[in-house]
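I opened a notebook for this chain and kept the entries short. Each one records what I looked up and what I found.

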Amino acid sequence: SMDENSMSHEILQVSPDQGHTLPILKKILDLSNKIQDLKIQHVALSDEVKQTTESFPGNDVLKSVQLLGAEYELLKRKYLDESSERRRLYNEVIELKGNIRVFCRCRPLNESGSASVINFDSSSDNELQVICTDSSKKQYKFDHVFGPEDNQEAVFQQTKPIVTSVLDGYNVCIFAYGQTGTGKTFTMEGTPEQRGVNYRTLEELFRITEERHGTMKYELSVSMLEVYNEKIRDLLVENSTQPTKKLEIKQAADGTQEVPGLVEARVYGTEDVWEMLKTGNRVRSVGSTCANELSSRSHCLLRVTVMGENLINGQRTRSHLWLVDLAGSERVGKTEAEGERLKESQFINKSLSALGDVISALASKSGHIPYRNSKLTHMLQSSLGGDCKTLMFVQVSPSATDLGETLCSLNFATRVRGIEGGPARKQ
Ligand code: ADP
Ligand code: MG
C-alpha cells in the first residue's frame with residue numbers, strides 16, 4: 001500500500017503485480033524515490049518479490065534494504081537499460097510492419113432508412129466487404145477495421161501505441177480522411193460524452209509522464225490551426241475584432257519546417273487541454289455563417305509539442321504529434337461548383353491528393369517525396385517520413401446512398417497504404 005499513512009512508517013511492503021521483474025523493479029524505484037523524499041530507510045520485500053527478483057543482479061541490494069545512493073543509481077541504470085531495450089524491440093516490430101498504418105472506421109447507419117452496403121467479417125478485424133450496385137462484392141483490407149459497434153475506447157486502444165511514441169522522441173501524424181458526415185470529427189474530437197482520439201491521447205500522455213516521473217522530465221504544449229484555401233490560421237488567437245495575422249511556413253536552421261508566430265500553449269493537465277480545444281473550436285467558427293459547412297472545407301490541425309529530458313543521461317528531445325481532421329473528401333458536382341465553392345473544392349482536391357501522393361511515396365519507399373505540393377504536406381514535412389509514424393483513419397458511411405464516395409475513399413486509402421499491388425513507383 002502506498003497511501004500517506006503507510007509512507008510515514010519505516011517499513012514499506014512491496015507486492016508484485018505481474019511476477020515480472022520489470023514492473024516490480026519499477027515499483028521499487030518509484031518507492032525509493034519517495035523513500036529519499038521521506039527519508040525512510042527500510043524496504044521490506046514480500047517473499048514473492050524476493051523470488052521473482054532472484055535472477056536480477058541487484059537482488060542482494062534489494063534484500064539488504066539499502067536502496068539509497070550508489071545502489072539506487074545501479075538499479076535505476078538497469079531499469080533504463082531494460083526500457084531502452086524494450087523500446088528497441090518495439091521499433092524492430094514497427095520496422096517490420098512499416099511506419100505507415102491505415103485504419104478504416106465505418107460509422108453506424110443513420111435514420112435515413114437506407115440499407116447498409118458494408119459487411120464485416122466477424123472472424124477478422126482488418127477486412128470489410130462492399131456490395132456494389134451490380135451486386136458484385138469488393139474486398140478491402142487495412143491494418144484494422146472498426147465497425148459501427150466499435151466505440152471510442154476500442155479505437156483508442158489501437159491508436160495508443162502510435163500516439164504515445166511521441167514521448168520517446170518520435171514525430172507522429174494522425175489523419176482522419178473521408179466524406180463529410182462519416183465521422184472524422186467524431187473520431188478525432190468526439191463529443192463531451194464520447195471523447196475522441198485528441199483528448200484521450202493527451203490524457204494518456206499526461207498519465208505516462210507521471211509514470212516516468214523521476215527518470216524523464218516532459219513539457220507539453222499545444223497549437224491549433226486551420227488550413228483553408230491554402231491559408232493558415234491560428235485557432236488559439238482569440239481576437240475577433242482584428243484580422244488574424246498571416247502565418248507562413250519557414251525552414252528552420254536545422255532543416256525542419258516551422259510556422260513562426262504560431263501560438264504554443266503550455267498544458268499541464270487534461271483540463272488545460274479541454275479548454276484549449278474549446279477555444280480553438282470557438283475561433284474556428286467565428287466569421288463563418290455555418291460552422292459545420294466551413295469546417296468540412298478546411299483542415300483542422302492540433303499539434304502537440306513534447307520537450308523531453310532524460311534525467312539520467314541529460315539527453316533532450318523535441319517531437320511533434322499532429323492530429324489532423326481533414327476537409328471532406330467528397331467530389332463536388334459540376335453544377336453546384338462555381339465561384340467560391342469551386343475554388344474551395346479545387347484547393348481541397350489539391351491538398352488531399354498531395355497528401356495521398358506523399359504517403360504512398362513513403363509507403364513505396366520512393367526516393368522523391370513531393371512535400372511541396374500543398375501547405376498541408378509542406379507544413380508536416382518533418383513529421384512525415386523517416387522514422388516518423390503515420391496513421392490514417394479512412395472514415396466511411398455504410399449507407400447505400402453513399403456508395404460512390406465510400407468506394408472512392410476506400411480506393412484512396414488502399415492506394416496510400418500500398419497494399420493490393422502497391423502504388424505506382426515513382427523514381
Ligand atoms: P465529419 O467530421 O466526417 O463530417 P462527423 O464527425 O461530424 O463527420 O459525424 C457526423 C455525425 O455522425 C455526428 O453527429 C457524429 O456524432 C455522428 N457519428 C459519426 N461517427 C459515429 C460513430 N462511430 N458513432 C456514433 N455517432 C457517430
Ligand atoms: Mg467534421
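The entries below go from the whole chain to single helices and then to single residues.

**Entry 1, the whole chain.** I noted before anything else that this is a predicted model. I looked up the secondary structure and found 13 helices and 16 strands in the chain. I then checked burial: of the 427 residues, 36% are buried. For contacts between residues at least 6 apart in sequence, I found that 69% join residues at least 24 apart.

**Entry 2, helix 13.** I took helix 13, residues 403-417, and compared its length with what is expected. Its 15 residues should span 21 Å at 1.5 Å a residue, and the end C-alpha atoms are 21 Å apart, so the two agree. Which residues of helix 13 are buried? I listed Glu 405, Thr 406, Ser 409, Leu 410, Phe 412, Ala 413, Thr 414, Val 416 and Arg 417. I also looked for what covers these buried residues, and the cover includes strand 3 (100-106), strand 5 (127-131), strand 6 (137-141), strand 8 (172-178), helix 11 and strand 16 (389-396). Just after helix 13 I came to Gly 418, which has a positive phi of about 80 degrees.

**Entry 3, helix 11 against helix 13.** I followed up helix 11, residues 339-363, whose axis comes within 7 Å of the axis of helix 13. The two axes cross at roughly 40 degrees, which means that helix 11 is oblique to helix 13. Which residues meet there? From helix 11 I wrote down Gly 356, Ile 359, Ser 360 and Ala 363, and from helix 13 Phe 412, Arg 415, Val 416 and Arg 417. By kind, the residues of this contact are four nonpolar, two polar and two charged. Two of the names, Phe 412 and Val 416, had already come up in my list of buried residues in helix 13.

**Entry 4, helix 6.** I turned to helix 6, which has 13 residues, 152-164. From first C-alpha to last, helix 6 reaches 17 Å, close to the 18 Å expected at 1.5 Å a residue. Where does helix 6 kink? I found a kink of about 45 degrees at Gln 158, shortly before the proline Pro 161. The buried residues of helix 6 are Val 155, Phe 156, Thr 159, Ile 162 and Val 163. I kept a general remark beside that list: an α-helix has 3.6 residues a turn, so residues three or four places apart point the same way.

**Entry 5, His 144.** I located His 144 in strand 7, residues 144-146. His 144 counts as partly exposed because it has 18 C-beta neighbours inside 10 Å. Leaving out residues up to four places away in sequence, His 144 touches Phe 103, Asp 125, Asn 126 and Gln 158. Gln 158 is where I had found the kink in helix 6. I also checked His 144 against Phe 393: they are 249 residues apart in sequence, and their C-alpha atoms are 9.5 Å apart in space.

**Entry 6, two positive phi values.** I looked at Asn 229, which is not a glycine yet has a positive phi of about 50 degrees. Asn 229 lies in the loop between strand 9 (216-228) and strand 10 (231-234). With 14 C-beta neighbours inside 10 Å, Asn 229 counts as partly exposed. Lys 365, also a residue other than glycine, has a positive phi near 55 degrees. I placed Lys 365 in the loop between helix 11 and helix 12 (375-379). Is Lys 365 buried or exposed? Lys 365 has 11 C-beta neighbours inside 10 Å and so counts as exposed.

Definitions and conventions. Residues are numbered from 1 along each chain as its sequence is written. Chains are lettered from A and ligands numbered from 1 in the order in which they are written. This is a predicted model: local features need pLDDT of at least 70, side-chain atom pairs count only at pLDDT 80 or more; totals for chains, interfaces and linings use all residues. Axes are lines fitted to C-alpha atoms, for helices over the stretch in contact, and angles run from 0 to 180 degrees between N-to-C directions. Angles under 35 degrees count as roughly parallel, over 145 as roughly antiparallel, 65 to 115 as roughly perpendicular and the rest as oblique. Two residues are in contact if their C-beta atoms, placed from the backbone, lie within 7 Å. Ala, Val, Leu, Ile, Met, Phe, Trp, Tyr, Cys and Pro count as nonpolar, Asp, Glu, Lys and Arg as charged, and the others, Gly among them, as polar. The expected span of a helix is 1.5 Å times one less than its number of residues. The bend at a residue is the angle between axes fitted to the seven residues ending there and the seven starting there. A residue is buried if 20 or more other C-beta atoms lie within 10 Å of its own, exposed if 12 or fewer, and partly exposed in between; C-beta atoms are placed from the backbone.
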